[in-house]
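Welcome! Please take a moment to look over the sequence and the model, and then read on for a short guided tour.

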Amino acid sequence: MRLRISGILISCLGILMFNCEKRGETDSATFTKADSLTDVYLSLQDSMLRSWNIMINDDNQKITAMHNLLHELMLTTANENELQTFEEQLDRLADLRYDQKSMAKEDLIEEYDFASNSLVTELISIAESRSEFAYNPTLQKLVEEIRIADQRVDLYREEYDLITQKYNNFLQANRSYLDEMNLGDSLIIRPLFQMTYGE
């Protein structure tokens, strides 16, 4: 009786394994070039978006640190009007920022960079000129945070350019296949930062 049950189990396992192998062969046979291109396309698009979001998030954190530095300075000054002007400029900074399409216009990046760099320089200069800077760890920490974030800008732009260039090359090399796949507006060559700083 045990032998019969064992034999039935072995037969069932054999049939199951045979069917699984057949199904695997069928699945791989139906995996087309279009599937492969779609997979690469989506992966590149995802990497590009992730790189962009990391860069923008870091810039947002730098702006937040500048706001915090301003508030800290306002606590220790009699001349709030000058600092209020900086606060208004910081509020407008995010509105000046380019996006993945508008950055094709070089002047938008240059305008944003000029506004951002001016604010960074002026706020750090004001903070460091204060006598309390030497013994105020909050001021020191915020200045350092802003400096480090400002130094990362080019690094994040280069990383974005690297993945975006791969994305653009992929689009150009596979344009005819991708057009047939009806991916719509997403098949646009993306502008690079290197266009603005000539690297």
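## A helix to start with

What span should the 24 residues of H4 have at 1.5 Å a residue, and how far apart are its end C-alpha atoms? The expected span is 34 Å, and the end C-alpha atoms of H4 are 34 Å apart, so the two values agree. Please keep in mind that this is a predicted model, and that the values in this tour are computed from it.

H4 covers residues 106-129. Its buried residues are Ile-109, Tyr-112, Ala-115, Ser-116, Leu-119, Val-120, Leu-123, Ile-124, Ile-126 and Ala-127. Here is some helpful background for reading such a list: an α-helix has 3.6 residues a turn, so residues three or four places apart point the same way.

## The overall picture

Now let us step back to the whole chain. The protein has 7 helices and 0 strands, and along the sequence they give the pattern α-α-α-α-α-α-α. There are 199 residues in the protein, and 34% of them count as buried.

How does the chain meet itself? Taking contacts between residues at least 6 apart in sequence, 72% join residues at least 24 apart. The protein exposes about 12,500 Å², and carbon and sulfur atoms supply 54% of that area.

## Helix H2 and its partners

Helix H2 runs over residues 33-75, and three of its residues are worth a visit. The first stop is Ile-63, which lies in helix H2. Is Ile-63 buried or exposed? Ile-63 has a relative accessible area of 8%, and because buried means under 20%, this residue counts as buried. Leaving aside neighbours within four places in sequence, Ile-63 is in contact with Leu-90, Leu-93, Arg-97 and Tyr-112. Tyr-112 is also one of the buried residues of H4. Another residue on that list is Leu-119, and the C-alpha atoms of Ile-63 and Leu-119 are 9.6 Å apart, with their positions 56 residues apart in sequence.

Ala-65 is found in helix H2 too, and it is buried, with a relative accessible area of 1%. Which residues does Ala-65 contact, leaving aside its neighbours within four places in sequence? They are Leu-142, Glu-145 and Ile-146. Ala-65 and Ala-149 are 84 residues apart along the chain, while their C-alpha atoms are separated by 9.4 Å. Ile-56, in helix H2 as well, counts as buried at 15% relative accessibility. The C-alpha atoms of Ile-56 and Tyr-156 are separated by 9.1 Å, and these residues are 100 apart along the chain.

## Val-120, back in H4

Val-120 has its place in helix H4 and is buried, with a relative accessible area of 6%. Not counting residues up to four places away in sequence, Val-120 touches Lys-62, Met-66, Ile-146 and Asp-150. Ile-146 is a contact of Ala-65 as well.

How far apart in space are Val-120 and Asp-150? Their C-alpha atoms are 8.0 Å apart, and the two residues are 30 apart in sequence.

## A loop residue

Between helix H4 and helix H5 (137-173) there is a loop, and Glu-132 lies in it. With a relative accessible area of 10%, Glu-132 is buried. Apart from residues up to four places away in sequence, Glu-132 touches Thr-76 and Leu-139.

## The largest pocket

Our last stop is the largest pocket, which has a volume of about 240 Å³. Its lining is made of 16 residues, and those nearest its centre are Lys-62, Asp-113, Asp-150, Val-153 and Arg-157. Lys-62 and Asp-150 may be familiar by now, as Val-120 touches both.

Which elements give two or more residues to this lining? They are helix H2, H4 and H5, and the largest share, 6 residues, comes from H5. By class, the lining has 7 nonpolar, 2 polar and 7 charged residues.

Terms used:
Residues numbered from 1 in each chain as written. Predicted model: local features only at pLDDT ≥ 70, side-chain atom pairs only at ≥ 80, totals over all residues. Heavy atoms only, no water. Helix = DSSP H or I, 4+ residues; strand = E, 2+ residues; numbered from the N terminus. Buried < 20%, exposed > 50% of the residue type's maximum accessible area, 1.4 Å probe, protein only. Contact = heavy atoms within 4.5 Å. Areas by Shrake-Rupley, 256 points an atom, 1.4 Å probe, with all protein chains shown as cover. 1 Å grid on protein atoms, 1.4 Å probe; cavity = no way out; pocket = protein on both sides within 12 Å on 5 of 7 lines; lining within 4 Å. Points joined across faces, edges and corners; volume = space filled by probe spheres on them. Nonpolar A, V, L, I, M, F, W, Y, C, P; charged D, E, K, R; others polar. Expected span 1.5 Å × (residues − 1).
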